[in-house]
Amino acid sequence: MTVILDLLFPPKCAFCGRLLERPGDICGVCQGNLPFREGETALTAIGDNRYATVIALYYDGMVREGIRVLKFGKKSWRAKVFARYVAQAAAERLGGEFDTVTYVPVSLRRNFERGFDQARLLAEETAKIWGVKAEPSLWKIRHTKAQSSLEDPSLRIENVKAAYKVLRPDRVRGRRYLLIDDVCTTGSTLSAAADALMAGGAAKVVCAALAGGQRKREE
């Protein structure tokens with residue numbers, strides 16, 4: 001059966017989409033060239049409340065392409081592959097600082113358009129690696145413009161201001177959260193969602209994203 005499925009749906013690299021010559025989910029080219037954020041670049045602080053945030057990869061090349069296809073190409077299986085990098089980065093940088101995993105939700109409209117919530121998939125697959133479940137803790141109370149369409153950081157902040165609300169304050173109160181999203185550029189979205197969790201009674205929020213920022217190019 002596996003052979004037949006491979007013939008009908010040949011395995012592809014989760015990042016670049018290249019057909020794989022051997023079993024796996026990442027091609028050798030991407031495996032050897034993934035733009036990891038390391039050292040001080042892997043951990044940052046976002047928002048006015050300076051939430052500790054770990055970012056696994058730079059948002060470059062094959063990473064940008066992989067996330068684009070996940071979100072817009074309906075290739076939801078890629079979330080399982082990407083989750084390994086989020087889990088590793090969060091465990092290394094934020095281990096012991098959270099006891100609950102959640103995610104930044106998309107609006108109902110965007111969820112309908114795409115057919116799924118990529119941050120939820122990423123959080124669920126990340127949590128599975130640790131043998132726990134990601135919990136839906138927030139809902140997006142209004143549809144907003146795509147953050148990628150706004151270049152000015154101040155416009156990004158205003159776009160998502162007060163856009164999130166806690167689902168069940170009684171379940172949030174006193175808990176420490178790892179809040180997951182796919183991309184962190186300015187941190188506006190993650191910090192707005194983190195603010196909502198804290199306003200709902202969370203004891204602490206730390207954040208993680210698969211990718212963000214771009215590598216500095218050598219002259």
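A search of the whole structure, which is a predicted model, finds 11 salt bridges. Side chains of opposite charge can pair when their charged atoms come close. Three of these pairs are set out below, followed by the nonpolar cores, a buried aspartate and helix 9.

**Salt bridges**

| Pair | Closest N to O distance |
|---|---|
| Arg68 and Glu65 | 2.9 Å |
| Lys204 and Glu97 | 3.1 Å |
| Glu135 and Arg175 | 3.0 Å |

The pair Arg68 and Glu65 belongs to helix 3 (residues 61-72), where a spacing of 3 residues separates the two by about one helical turn. Arg68 has a relative accessibility of 40% and therefore counts as partly exposed. Glu65, at 28% relative accessibility, is likewise classed as partly exposed.

The salt bridge between Lys204 and Glu97 joins parts of the chain that are 107 residues apart in sequence, because Lys204 lies in strand 7 (residues 204-211) and Glu97 in the loop between helix 4 (78-94) and strand 3 (100-103). Lys204 is partly exposed, with a relative accessible area of 31%. For Glu97 the relative accessibility is 24%, so this residue also counts as partly exposed.

Glu135 and Arg175 form a further salt bridge. This pair links distant parts of the chain, 40 residues apart: Glu135 is in the loop between helix 6 (118-129) and strand 4 (138-140), and Arg175 is in the loop between helix 8 (169-172) and strand 6 (176-183). Glu135 is partly exposed at 21% relative accessibility, and Arg175 is partly exposed with a relative accessible area of 23%. Buried would require a value under 20%.

**Nonpolar cores**

In soluble globular proteins, nonpolar side chains tend to be buried together. The largest nonpolar core of this model comprises 41 residues, and Phe15, Val63, Phe82, Tyr85, Leu178, Ile180 and Leu210 have the most contacts inside it. Two or more residues are given to this core by each of strand 2 (51-57), helix 3, helix 4, strand 3, helix 6, strand 6 and strand 7. The greatest contribution comes from helix 4, with 9 residues.

What does Leu178 touch, not counting residues up to four places away in sequence? Its partners are Ala90, Leu94, Phe98, Thr100, Val101, Thr102, Trp130, Val206, Cys207 and Ala208. Apart from the largest core lies another core, of 23 residues, which includes Tyr51, Tyr177, Cys184 and Leu197.

**A buried aspartate in strand 6**

Asp182 is located in strand 6. Is Asp182 buried or exposed? With a relative accessible area of 4%, Asp182 is buried. When neighbours within four places in sequence are left aside, Asp182 is in contact with Ile67, Lys71, Gln118, Leu122, Ala209, Leu210 and Ala211. Among these contacts is Leu210, which is also one of the residues with the most contacts inside the largest nonpolar core.

**Helix 9**

Helix 9 covers residues 188-199. At 1.5 Å a residue, its 12 residues should span 16 Å, and the end C-alpha atoms are 16 Å apart, which agrees with that expectation. The helix is mostly covered, since 9 of its 12 residues are under the 20% limit for buried. The buried residues are Ser188, Thr189, Leu190, Ser191, Ala192, Ala193, Ala194, Ala196 and Leu197. Of these, Leu197 also belongs to the core of 23 residues. Helix 9 is followed by Gly201, which has a positive phi, near 110°.

Definitions and conventions
Residues are numbered from 1 along each chain as its sequence is written. This is a predicted model: local features need pLDDT of at least 70, side-chain atom pairs count only at pLDDT 80 or more; totals for chains, interfaces and linings use all residues. Side-chain values use heavy atoms; hydrogens and water are left out. Helices (H or I, at least four residues) and strands (E, at least two) are DSSP runs, numbered from the N terminus. The expected span of a helix is 1.5 Å times one less than its number of residues. Buried means under 20% relative accessible area, exposed over 50%, partly exposed in between (1.4 Å probe, protein chains only). A salt bridge is a side-chain nitrogen of Lys or Arg within 4 Å of a carboxyl oxygen of Asp or Glu. Contact means heavy atoms within 4.5 Å. A nonpolar core is a set of buried Ala, Val, Leu, Ile, Met, Phe, Trp, Tyr and Cys residues joined through side-chain atoms within 4.5 Å.
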